[in-house]
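Open the model in your viewer and keep the selection tool ready. We will go from stop to stop, and at each one you will pick something and look around.

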Amino acid sequence: MTVLGLETSCDETAAAVVSGVPGRPGTIRANLVLSQFDEHAPYGGVVPEIAARAHIDHLDSLIASALREAGLGLNDVDAIAATAGPGLVGGLMVGLVTGKALAFAAQKPFVAVNHLEAHALTARLVSGTQFPYLVLLVSGGHCQLLEARGVGDYTLLGTTLDDAVGEAFDKTAKLLGLGYPGGPHVEKWARKGDAKRFDLPRPMKGRPGADFSFAGLKTALRQTVTKLVPLTETDLADAAASFQLAVADAIEDRTRNAMRMMRERAGTGDPIPFVVAGGVAANAALRERLETLAQAEGFDLTAPPMALCTDNAAMIAWAGVERVAIGSTDTLDASPRPRWPL
Ligand code: KG4
Ligand code: ZN
């Protein structure tokens, strides 16, 4: 089965063509992503109106290029899938209307994809990961622990009560004047810093459950840093390192609880796949901690390659493959769902 996928939920305009059968790794025949980084950089964050306009400007030509790269015409694909949510409503409308129009014109099935489900299913596209498995999704917009038991069958084990973890990295970088997007800058500075210098809170650590919170950490860092102004390079590096360690401690604690919840339900000691996805998965210090944790708890960590961890349309096309295979397609009156929990 071959599916054309479209992604426009945030600041990435993307089109991809993927072929495959659920249960086995798929084949990515084209995967084009146009980041709107330059458009948003001056504002230090994504501006919804600018994002929606940029999607309109670029989506059509991106789709044409993706089909060309795959060596296919629209009539050769078996279905069309587009992100319907969650995300910024303006962008969602652009992708959804485009996808539905193509499906109508070519008389093909249409799939309105949940972006979070697509992130969660990416491991199956990449390596055919079998259900059930644990997903830690950490990006600028998401921060969740999910148990994936089947297509359309997920249990949310934990989510953030305030900021997403990538957002916390971005706000920290902004506070310290390190650049946008913040994660890679914070990580770079943290390498030179003393992570023990500032005693920052580990939000939610030690509490039952697997929910996250980062607002208190952010406030504590702001208060710490404000007392030091003007900041030296050493202060910046130490602040970045202390923040990153606090985040890693918090995520490790929350993930351990989620692993134990899942282990209890599984009722066996067999290894359970553990998939880490989202832009923050690029953080080497965090990856190392999760690797050690997974070994201790009997989980097998896999992380999709970075280009498939961050927002892309190959994951949307693959979610389409999985959904069409179980006969779960949508009608052409599907509407955008800015809030759409799994
Ligand atoms: O998945 P992604 O590209 O986009 C969405 O948010 O959906 O994730 C981007 C987020 C940003 O918040 C960015 O600061 C963070 O991932 N990030 C990192 C690193 N690289 C990217 N955070 C920590 N360490 C990194 N190395
Ligand atoms: Zn995403």
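Helices here are DSSP runs of H or I with at least four residues, numbered from the N terminus. Keep that in mind for labels such as α6, which covers residues 182-191 and holds E187. Also keep in mind that this is a predicted model.

**Stop 1: the whole chain**

Show the chain as a cartoon. How many helices and strands does the chain have? It has 11 helices and 10 strands. The radius of gyration is 20 Å, close to the 20 Å that the globule rule gives for 342 residues, so the chain is as compact as a globular protein of that length. Turn the C-alpha trace along its principal axes: the spans are about 60 × 50 × 30 Å. Of the 342 residues, 51% count as buried. Now think about contacts with a separation of 6 or more. Residues 24 or more positions apart account for 74% of them.

**Stop 2: two domains**

Colour residues 2-127 and 311-325 in one shade. The domain assignment calls these two pieces domain 1. Colour 140-306 in another shade for domain 2. The C-alpha centres of the two domains lie 27 Å apart. Where they meet, 12 residues of domain 1 are in contact with 13 residues of domain 2.

Stay on the domain 1 side. Which elements give two or more residues to the side that touches domain 2? They are α4 (115-127) and α11 (314-325). The largest share, 7 residues, comes from α4. By class, this side of domain 1 has 6 nonpolar, 4 polar and 2 charged residues.

**Stop 3: H115, H119 and D311**

Select H115, H119 and D311. An unreviewed UniProt entry places the feature "binding site" at these positions. They span 197 residues in sequence, yet no two of their C-alpha atoms are more than 8.9 Å apart, so they gather at one spot.

Zoom in on H115, found in helix α4. Is H115 buried or exposed? A residue counts as buried if 20 or more other C-beta atoms lie within 10 Å of its own. H115 has 26 C-beta neighbours inside 10 Å, so it counts as buried. Leaving aside neighbours within four places in sequence, H115 is in contact with S9, T83, G85, P86 and G87.

Move to D311. It lies in the loop between α10 (306-309) and α11. D311 is buried too, because 27 other C-beta atoms lie within 10 Å. With neighbours within four places in sequence set aside, D311 is in contact with E7, C10, E12 and A14.

**Stop 4: ligand 1**

Select ligand 1 and show what surrounds it. Which residues come nearest? Of the 20 residues around ligand 1, these are S139, G140, G166, G183 and G279. Two elements, α5 (165-176) and α6, give two or more residues to this shell. By class, the shell has 6 nonpolar, 10 polar and 4 charged residues.

**Stop 5: another set from the record**

Now select L137, V138, S139, G140, G141, D170, G183, E187 and N283. The unreviewed UniProt entry places the feature "binding site" at these positions. We will visit two of them.

Begin with V138, in strand β6 (residues 133-138). V138 has 29 other C-beta atoms within 10 Å, so it is buried. Not counting residues up to four places away in sequence, V138 touches C143, V165, G166, G278, V280 and A281.

Next, go to E187, in helix α6. Why does E187 count as buried? Because 20 other C-beta atoms lie within 10 Å of its own. Leaving aside neighbours within four places in sequence, E187 is in contact with Q244, N283 and A285.

**Stop 6: A285**

Follow the contact from E187 to A285. A285 is found in helix α9 (residues 284-297). With 16 C-beta neighbours inside 10 Å, A285 counts as partly exposed. Not counting residues up to four places away in sequence, A285 touches E187, A190, Q244 and A248. Finish with a distance: pick the C-alpha atoms of A285 and A248. They are 37 residues apart in sequence and 7.6 Å apart in space.

Conventions:
Residues are numbered from 1 along each chain as its sequence is written. Chains are lettered from A and ligands numbered from 1 in the order in which they are written. This is a predicted model: local features need pLDDT of at least 70, side-chain atom pairs count only at pLDDT 80 or more; totals for chains, interfaces and linings use all residues. UniProt positions are given in the numbering used here, feature names are shortened, and annotations may be inferred rather than shown by experiment. A residue is buried if 20 or more other C-beta atoms lie within 10 Å of its own, exposed if 12 or fewer, and partly exposed in between; C-beta atoms are placed from the backbone. Two residues are in contact if their C-beta atoms, placed from the backbone, lie within 7 Å. A residue is near a molecule or strand if its C-beta atom, placed from the backbone, lies within 6 Å of it. Ala, Val, Leu, Ile, Met, Phe, Trp, Tyr, Cys and Pro count as nonpolar, Asp, Glu, Lys and Arg as charged, and the others, Gly among them, as polar. Domain bounds come from an automatic or database domain assignment. The radius of gyration is taken over C-alpha atoms; the globule rule is 2.2 Å times the number of residues to the power 0.38.
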